[in-house]
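Colleague: I have a model to look through with you. Please explain the reasoning behind each label as we go.

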Amino acid sequence: MTTGTDRPAPPHTTRRPPTARHVTIVIADPRCGLWFRRMASKQAKIDHLSKVPLFEGCSKKELERVARASDEIVMTPGTVIVDQGQTGREAFVVMDGTVVVKRSNRKVATLGPGDVVGELSLLDHGPRTASVICETDCTLLVIEQRHFRGVIEEVPTLAIRLLATLASRIRDLDRSYYG
Amino acid sequence: MFGKDQHIEHLRQLPLFASLSKKEITAVAKASDEISFPAGHELLTEGESGTEAFVVLDGTVDIKRKGRKIASLGAGEIIGELALLDHTPRGATAVCATDCTVLVIDRRHFAPLLESTPALAVKFLQELAGRLRALDRTAFG
């Protein structure tokens, strides 16, 4: 059996007993400090995905596709996951915990489980429109740019959900702007 | 009457459908119907739910919000397309300013198309993302 790099976790991260066959810790992005990437078993990940409202209605095959294209990460409070003005390379789905959305340092929203963050930059390749910071310990699903398009093309249920999300954001903004 | 070929041409001119293949755009055209309305007809009403989008083929349509005219749309423009994607009430009223011929796309026909045509869903997502960003900029500077 192959085992990953099984280093002891630093004291500030809570580590549940590993349920997977192997646990790998990867330092993914130095800009954001340490990202601890937990390789849960495939089935556990799919089970987890199926509980997120965004993926409601997805078939088992579709969930498997999402699981294959994404990583589950655990972040500590205060971690900046999206930085306003920067280029975006990934989209996030909040699985557990809450994140704060800030625009020019002013808090504009709090998001929780099932909410999507950062998909705009992946769709139009523009800079991040806001910063997003973990408010609590957060479990997030990360989909990297190079997987994102494939996922929305191959998981129509998700594409349609995302479309509805964008549509409602357009309506909200539109209403707040034009009254 | 405009023929199916002209419907396809009109649809192709919309940024939303511009990058679709011939086969995909033909499917969109098939899912839509051409209808003519007299001046004064309300295509959609603010606050009411709706399931249709309209592509203007001929004539002018006024867009009003709370009774105030905010835009005037002509041939080749699309109205009410958000209703193809969600079930939220209309955000504005659209009234035919002249006699109009429009292409009606209903969610019932469009939803299966979105599911079977990934390119359409992706294009739609990109288009909405662009619009959201533009709105975002006007709203927050």
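Modeller: Start with the order of elements. Read along the sequence, chain A runs β-α-α-β-β-β-β-β-β-α-β-β-α-α. That gives five helices and nine strands in chain A. Keep in mind that this is a predicted model.

Colleague: How much of chain A counts as buried?

Modeller: Of its 179 residues, 46% count as buried. A residue gets that label when its relative accessible area is under 20%. The accessible surface of chain A is about 9200 Å², with 51% of it on carbon and sulfur atoms.

Colleague: What share of the contacts in chain A joins residues 24 or more positions apart?

Modeller: The share is 67%, counted among contacts with a separation of 6 or more.

Colleague: Now the charged pairs. Why is the link between A:Arg65 and A:Glu154 called a salt bridge?

Modeller: The closest N and O atoms of A:Arg65 and A:Glu154 are 2.5 Å apart. The cut-off is 4 Å, so the pair qualifies. Side chains of opposite charge can pair when their charged atoms come close.

Colleague: What does that pair tie together?

Modeller: A:Arg65 lies in helix α2 of chain A, residues 60–69, and A:Glu154 lies in helix α4, residues 145–154. The pair therefore ties together parts that are 89 residues apart in sequence.

Colleague: Are A:Arg65 and A:Glu154 buried or exposed?

Modeller: A:Arg65 has 16% relative accessibility, so it counts as buried. A:Glu154 stands at 47%, between the limits of 20% and 50%, so it counts as partly exposed.

Colleague: What makes A:Lys107 and A:Glu135 a salt bridge?

Modeller: Their closest N and O atoms are 4.0 Å apart. The rule asks for within 4 Å, so this pair is counted too. A:Lys107 sits in strand β6 of chain A, and A:Glu135 sits in the loop between β8 and β9, so the pair ties together parts 28 residues apart in sequence. A:Lys107 is partly exposed at 48%. A:Glu135 is partly exposed at 38%.

Colleague: How do you know that A:Arg169 and A:Glu119 link distant parts of the chain?

Modeller: Look at where they lie. A:Arg169 is in helix α5 of chain A and A:Glu119 is in helix α3, 50 residues apart. Their side chains meet in a salt bridge at 2.7 Å, N to O. A:Glu119 has a relative accessible area of 1%, so it is buried. A:Arg169 is partly exposed at 31%.

Colleague: How many salt bridges does the structure hold over all chains?

Modeller: The structure holds 15. Between chain B and chain A the count is four. One of them joins A:Asp124 to B:Arg133, with the closest N and O atoms 2.6 Å apart.

Colleague: Which elements give two or more residues to the side of chain B that touches chain A?

Modeller: They are α3 (107–116) and α4 (118–140) of chain B. α4(B) gives the most, with 17 residues. By type, that side divides into 16 nonpolar, five polar and nine charged residues.

Colleague: How many residues does the contact take from each chain?

Modeller: The contact takes 30 residues from chain B and 28 residues from chain A. Together the chains bury about 2900 Å², 68% of it on carbon and sulfur atoms. B:Leu125, B:Leu132 and B:Arg133 supply 25% of the area that chain B buries there, more than any other three residues.

Colleague: Why is B:Asp86 called buried?

Modeller: Its relative accessibility is 5%, and the label needs under 20%, so B:Asp86 counts as buried. B:Asp86 sits in the loop between β6 (78–79) and β7 (93–96) of chain B. Beyond its neighbours within four places in sequence, its contacts are A:Ala164, A:Ala167, A:Ser168, A:Arg171 and B:Arg107.

Colleague: What makes the link from B:Asp86 to A:Arg171 a polar contact?

Modeller: The two side chains come to 2.8 Å. The limit is 3.5 Å, so the distance fits.

Colleague: One last residue. Why does A:Lys61 count as exposed?

Modeller: A:Lys61 has 69% relative accessibility, and exposed means over 50%, so the label follows. A:Lys61 is found in helix α2 of chain A.

Conventions. Residues numbered from 1 in each chain as written. Chains lettered and ligands numbered in written order. Predicted model: local features only at pLDDT ≥ 70, side-chain atom pairs only at ≥ 80, totals over all residues. Heavy atoms only, no water. Contact = heavy atoms within 4.5 Å. Buried area = accessible area lost by both parts, 1.4 Å probe. Helix = DSSP H or I, 4+ residues; strand = E, 2+ residues; numbered from the N terminus. Nonpolar A, V, L, I, M, F, W, Y, C, P; charged D, E, K, R; others polar. Buried < 20%, exposed > 50% of the residue type's maximum accessible area, 1.4 Å probe, protein only. Areas by Shrake-Rupley, 256 points an atom, 1.4 Å probe, with all protein chains shown as cover. Polar contact = N/O pair within 3.5 Å; in protein donor to acceptor, adjacent residues only side chain to side chain.
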